[in-house]
Structures are given as C-alpha cells and as structure tokens.
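These notes concern the aromatic rings and the charged groups placed over them. Please read each point with the coordinates open.

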Amino acid sequence: MKVKNIILSAVFLFSSLILFSNCSQSHSAQKTTAKDTAKKVAVVAKDTVPATITYPPLDKHLYDSLMKRLAHGDTTGKWPVKNTPYPLPGAILPFKRVVAFYGNLYAKKMGILGELPPKEMLAKLAGEVRNWQKADPQTPVQPALHYIAVVASGDAGKDGKYRHRMPFKQIDTVLGLAKKAHAIVFLDIQVALSNIHTELPLLEKYWEMPNVHFGMDPEFSMKDGTHPGKKIGTYDAEDVNYVSNYLANIVRKYNLPPKILIVHRFTKKMVTNYKNIKLHKEIQLVMDMDGWGEPSLKEGTWRYFIEGEPVQFTGFKLFYKNDLKKAPHHMLTPQEVLMKRPYPIYIQYQ
C-alpha cells in the first residue's frame, strides 16, 4: 500500500478519536504524495550518528540539586521521586530540558514536524529553543525531533493490525535533519492491534544509536481488539517495564548513555498500575502530559495524572492549533508552563 493511502486512512482514525476525549488531538494528512515529499527532503542514510563520546562520571551532588529544583517547591513529598537510581554518565536529564517537534514528514496535520518545509521547521524549532532558554536561563535546552515511526490507521493493512510502519528511509531523513539542528531524535510507536513486543525490536538498529530515544503511546494500544479511533487505548506498567528492560539491555550492550523513554498520558486508564513501573540507571522515564485543550483543562489533566502519580520525570505537550480551539483560545507560554509543579523537563510541540 502506498504511504499516501496509509496516512489518509490515519486521518479518519485520528478524527474519530476526538469524539471520545477533549484531551486527544485530531490528525489528518496532507494531500501531497510520498514522492512529492521526497522531493522536498533529501534522505540522509549515512553520517547521522554522533561519534563515540566518553562521558565524565556523573556529578551526583549536581544531579541531586537539579532534581530538587525540578520539584519546584513541592510540599507533598512526592517530588523528587524517592529511591530512584542515579543515571549512567551522559544522561541528558535533568541537566538539559528537551524541546521537541512532533509529527510525520508525510502528513502536514499530524504535527509541526511535517507541517512546514524542513528548513522552516528547523528555524521554528530553533526559535522555541530560544524561548525556553530565555524563560529558564538556568537550564540548557536540547532540541529534538519526535517522529511517528509506526502510525495507527483506520485501514487494517495486510495483517489486520491497523498500524503502518514508516520506511527506514524516512527515519534516516529525520536523522539527517536532526543533525543539522544538533537535535536528538525520538521514534514513536502507535501499536493499534499489534503490540509493543512485536514493534519495538523491529527498530533495533536505531536503538543502538546514542542520539535516538523512544516514545510509547498508550492512546493507540488497543488491547481488547477495538479498532483504533473508537476509544482511548491503554498500557500497563508491565508494558512500560518491558520497554525499559529492552532498551536498558541495548544501552548496556553498546555502552550507550541513558535512553529517554517518553510515555504519553492524558487519562487515568492510559497507564495502569503506575506504582509498579520499575526504573533503571540506563533509562530516564518521562510521563508526558499529552492532552490538548484550554488551559484549565490541561491544568486538571496535569494535576491528576502527572503531578499526582509520580514516576520519575515529567513532560508537557503544547498544540499550536488545537490548544486554541476553545476559549480563551490560548496556547500556554513557556513562562506559564514553568508555573507547573514539578517543572516539566520535556516539552513537545505538535
């Protein structure tokens, strides 16, 4: 099946899902073909992986002080999370705040990553990096591209799993763009009727790269066989632990710095048994508030499902268009997001 048809089927899926939650974003795809997109973006299959770096030992005193700062004056005792392992040398968090652009190069309406031509997109990302650096001068900013590598779809596909894997050629393109921006890369998987045990190992050649990290999306994990788009999906702590163990083994095998693992969330059932999530020195786990809507709605989502159910680090998602749909038609600024407790250390724009 051509990529254009795959993405168009995803449009129906994402549009229907919006009926079930004001926190999820509807997606649709651009009408240009994959061939047209390929003309705009030069594929870079080589020279996209940083040279091997020897990292100095972790400064535990600095790490502890930064984690305490991230707690942002918390008085509940939940933050910073107790008894978490120190990361391996080369850890990005909490030493830097990650600011990421999310999307797919084939689809203008799945996120800012694919909405703008590459040169304009990277320039806009650089502008957001500057905005965050200005808002919090004490925390350096690490740019990132967060690419949907497996897309949930309204089309069943040949195997009936309602998900479509994007070609490695496009992932290589994203790696090339990231190198231009001195950015790291996140590959995101929407399993639909497949499962994370099947999909994650298929991208192992990318997990071996020190600059590639992972995002898992419970919204499209349909464990009961419901077609994606009919309701919000779910992951259990067991699924998160499988991913953490898998990636931790990769880190040890290839002597890599810690991987960042993003888990999207905007409802309680999206992540069940969160207290059973296990942490590793090889993995830095971020619970990312992936919901769109007016500021008051996002505040409630944050309070109950991120701040109130601590795991390790926190993230916050901003939507250039969908956050403006309802009054007061306002997307939160970096300064406003930094009023959250704890401070989000991962920021994603869609």
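Over the ring of which residue does the charged end of Arg303 sit?

1. In this predicted model, the charged end of Arg303 is placed over the ring of Tyr304, at 5.9 Å from the ring centre. A further contact of this kind involves Lys325, whose charged end sits over the ring of Trp292 and lies 5.3 Å from its centre.

2. Turning to rings paired with rings, a search of the whole structure returns eleven aromatic pairs. One of them joins Phe168 and Tyr206, and because the planes meet at 75°, with the centres 5.5 Å apart, the pair is classed as edge-to-face, the cut-off for that class being over 60 degrees. Phe168 belongs to helix H6 (residues 168-180) and Tyr206 to helix H8 (residues 204-207), so this pair ties together parts that are 38 residues apart in sequence.

3. The two partners should be described separately as regards accessibility: Phe168 counts as partly exposed because its relative accessibility is 35%, whereas Tyr206, at 1% relative accessibility, counts as buried.

4. Phe186 and Tyr346 also form an edge-to-face pair, with 5.5 Å from centre to centre and 70° between the planes. Phe186 lies in strand E4 (residues 184-189) and Tyr346 in strand E11 (residues 346-349), and the pair thereby links distant parts of the chain, 160 residues apart. Both Phe186 and Tyr346 are buried.

5. Finally, a cluster deserves mention, in which Tyr63, Tyr86 and Phe95 are linked by ring pairs.

Notes
Residues are numbered from 1 along each chain as its sequence is written. This is a predicted model: local features need pLDDT of at least 70, side-chain atom pairs count only at pLDDT 80 or more; totals for chains, interfaces and linings use all residues. Side-chain values use heavy atoms; hydrogens and water are left out. Rings of Phe, Tyr and Trp (its six-membered ring) pair if their centres lie within 6.5 Å; planes under 30 degrees apart count as stacked, over 60 as edge-to-face and the rest as tilted. Helices (H or I, at least four residues) and strands (E, at least two) are DSSP runs, numbered from the N terminus. Buried means under 20% relative accessible area, exposed over 50%, partly exposed in between (1.4 Å probe, protein chains only). A charge sits over a ring if NZ of Lys or CZ of Arg is within 6 Å of the ring centre and within 35 degrees of the ring normal.
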